[in-house]
Amino acid sequence: MKKFLLFLLVLISAEQVVSQNFEGKVINAATAEPVINARIENPATGTIVFSDDAGNFEIRIEDFPAMLSISGIGFENLEVEILNAEHHGVFYLSPSLENLSEVIITSTAIPGRLQDLPAAVSLVSASDLKRGDNTNLVEKFNNVPGMYVNQGALNTNKINIRGIGARSQYSTNRIQSYFDGIPLTTAEGELTLDDIDPESLDRIEVIKGPTSSVYGAGLGGSVNLFSALPKSLKTEAAFKSQVGSFNTRKNVVRAVHATTNAAIHANYSELTSDGYRDNGEYDRQSAVINARLQTSEENSLSLLATFTKLKAYIPSSLNEDDFLNNPQSANGNWEAARGYESYDRGMLGASYLHNFSENFSNTTSVYLSFRDAYEPRPFDILKEERVSAGARTRFNLELLVFKLPSQVSFGAEYYNEWYNGATFENLFREYEDQGSVMGQRLSGNEQDRNYSNFFGQMNLELSEKWMLEAGFNINSTQYSLNDLYAQDEIDQSGDYRFDLIFSPRVGTTYEVSPGKNFYGTISHGFSTPTVAETLTPEGLINTGLQPETGINYELGFKGNWLENRLYTEFSAYSIRIEDLLVAQRVAEDQYVGLNAGKTIHNGLEFLVNYNLNLTPGISAKPYLNAAFNFFEFDEFVNNDQDFSGNELPGVPKSTLNLGLNLESDLGLDLFAGYRAVGEIPLNDANSGYSEKYQLVNLKASWSFDILRDLGVNFYAGINNVFDEHYAASVLTNAVGFGGAAPRYYYPGNPRNYYGGVQLNYIF
């Protein structure tokens with residue numbers, strides 16, 4: 001009997017050694033908040049538990065090592081290997097981008113499900129980023145309803161959202177952008193995204209229209225980029241090599257490592273191309289490193305570092321005759337000068353999240369960036385230096401207001417930018433066939449620009465179906481200009497401060513039935529003039545120039561159908577812009593800003609996404625989106641010409657995107673995309689229009705494992721399958737000097753091909 005009891009005791013003890021309770025916590029990778037009711041399963045035993053309100057769980061494990069499957073509604077499934085009972089940690093679930101309505105949008109003041117937000121928010125997912133040849137990030141935005149990108153070359157792009165920014169000459173403005181919460185838009189409001197490698201991103205969130213309760217001077221909206229941290233516990237290295245038409249080559253090296261409490265991602269890419277047009281060579285190296293460390297259950301630290309080195313030649317725009325008959329040519333002056341732009345650009349930032357309690361948290365970011373540029377142009381040579389630094393803090397609080405569940409967000413942002421710029425003579429005409437040669441200094445100035453934003457927002461759940469949100473932004477913008485060049489006897493030095501701008505926002509959403517929401521919003525936004533726009537032809541500061549302001553009125557619907565397989569969106573909006581900032585051309589290289597009137601941006605947008613399982617191993621994901629634009633001048637008189645009632649130049653009347661993804665369990669994926677773009681007014685007088693055009697793009701890829709830990713992906717594609725001749729970009733209000741015809745057009749690439757291979761090794 002004693003022996004039997006002793007034997008039984010040994011068995012029980014052994015069982016206790018082998019079978020133990022394992023504890024963990026599930027966190028939303030996008031918001032760093034706990035995931036409630038996450039499903040944790042031990043496939044070996046069939047045991048299933050769910051996370052509590054704090055994201056914590058406890059599950060019985062019979063034998064180590066063990067695999068756990070962690071899932072949640074609206075999240076990607078996560079498979080993790082638990083080595084031993086001491087392997088406690090935090091597990092991150094990434095929001096699923098296939099079920100759009102359940103995706104958590106984190107770029108709004110208070111993160112929430114896409115379907116519940118009373119705002120027009122579009123998502124560019126990881127799957128969307130993989131479509132096409134991935135040589136130009138901004139091309140992806142042409143698939144977002146309400147966005148249009150004028151693509152003059154790989155390094156000559158300008159983005160407009162709902163027509164805001166369409167009148168910009170050569171660059172993107174009036175749009176705010178952030179990379180992991182760190183600003184990319186300069187203090188003057190200019191934005192460059194074409195030098196960011198899509199391979200380094202996980203997703204992009206686009207908020208369309210004024211976003212006053214979160215960001216400052218961005219009438220068009222905001223573009224928020226998120227870096228690609230690993231989504232599961234792994235160590236992986238990847239190499240990708242791609243070749244294409246016009247001697248285009250791209251190589252990418254990527255490495256990721258993730259544990260239960262830390263993750264790091266590093267991406268390096270090289271992109272070179274001769275370009276379709278003369279004087280169109282392009283050479284870029286870029287690197288991104290980002291990391292996240294869970295310092296405790298309440299705190300996490302995120303780091304981001306980027307660097308880009310670019311040299312890209314500029315073919316510039318063409319007149320109509322060259323566009324039709326000799327589209328591969330460059331403008332004569334730009335080719336003779338061998339004009340190009342080159343710069344080194346870098347950014348370093350850190351963000352710290354602290355949860356004071358389950359209902360109160362703070363995220364604070366600090367950042368530093370620089371840009372050192374050199375740009376020879378036919379009319380001069382420009383040298384620029386820019387150093388920026390800033391900080392942003394945001395508090396989020398959940399509480400009861402009038403006994404109703406509420407969320408409050410408030411915070412501040414400060415941004416300072418030091419800028420030094422100088423121009424020099426370009427003597428390329430005196431040194432034939434040598435390209436640009438630097439001559440005497442023409443100008444030089446130093447600028448100190450800074451702005452501050454104070455913002456707040458409250459979301460109030462009036463009932464289970466009805467939610468109300470209200471917010472505001474208060475902005476202070478000022479700059480000082482120090483003229484360092486006295487030989488022209490014009491002193492442009494001076495200080496200027498714009499009046500405080502108060503921008504309110506109110507929105508509401510109502511769930512008419514499960515998964516189907518109507519929303520409405522009214523919001524105010526603004527854009528301040530650049531320093532260049534405030535200078536008069538005499539070189540003095542125009543202190544009478546006012547910020548451009550606008551109010552957005554919007555109604556929309558977001559709905560799920562067919563058991564969440566079909567997702568639809570529809571929105572109707574009207575943006576009223578006052579004190580329209582106009583860049584009036586007074587010379588080949590000189591623009592003067594003035595407040596010239598009002599514009600009305602009325603539009604309709606819709607989106608349809610459908611997920612369909614054709615067979616147990618094959619799925620189809622068709623999509624359709626479109627935008628219909630009715631943008632016009634309400635009141636606009638310039639140089640004694642009345643353009644009131646004319647269509648706004650630089651933006652198409654309509655865009656339509658239709659696409660289909662076919663995916664199989666065998667690793668074979670096919671993509672076909674169709675884009676139709678309506679005609680574009682070329683100038684304020686509407687005396688000319690670009691032709692409407694249609695493009696078809698195709699891509700196929702095949703992924704499989706060579707070895708247990710080594711995977712390979714082969715892919716190939718065709719852009720512009722039917723060889724459409726079209727204007728990929730237009731230069732609005734182009735002027736021909738010396739009797740020359742105006743150069744409105746940037747030709748799009750003809751039919752072109754690409755292909756590549758990617759290797760992935762999991763350690």
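Phe 307, Leu 368, Phe 370, Val 387 and Trp 418 make a nonpolar patch of about 420 Å² on the surface of this model. To join a patch, a residue needs over 30% relative accessible area and no salt bridge; nonpolar side chains (Val, Leu, Ile, Met, Phe, Trp, Tyr) are joined within 5 Å, like charges within 9 Å. A salt bridge here is a side-chain nitrogen of Lys or Arg within 4 Å of a carboxyl oxygen of Asp or Glu.

The model is predicted, so local features need pLDDT of at least 70 and side-chain atom pairs count only at pLDDT 80 or more, while totals for chains, interfaces and linings use all residues. Residues are numbered from 1 along each chain as its sequence is written, and side-chain values use heavy atoms, leaving out hydrogens and water.

There's also a patch of negative charge on the surface, made by Glu 578, Asp 579, Glu 632, Asp 634 and Glu 635. Strand S39 gives the most to it, with 3 residues.

Here is one residue from each patch:

| Residue | Strand | Relative accessibility |
|---|---|---|
| Trp 418 | S27 (residues 404–426) | 31%, partly exposed |
| Glu 632 | S39 | 35%, partly exposed |

Buried means under 20% relative accessible area, exposed over 50%, and partly exposed in between (1.4 Å probe, protein chains only).

And the whole protein? It has 5 helices and 49 strands, which are DSSP runs (H or I, at least four residues; E, at least two). Of its 763 residues, 54% count as buried. The C-alpha atoms fill a box of roughly 115 × 60 × 50 Å along the principal axes.

Note on methods. Areas by Shrake-Rupley, 256 points an atom, 1.4 Å probe, with all protein chains shown as cover. Lys, Arg positive; Asp, Glu negative; His and termini not counted. Charge placed at Lys NZ, Arg CZ, Asp CG, Glu CD.
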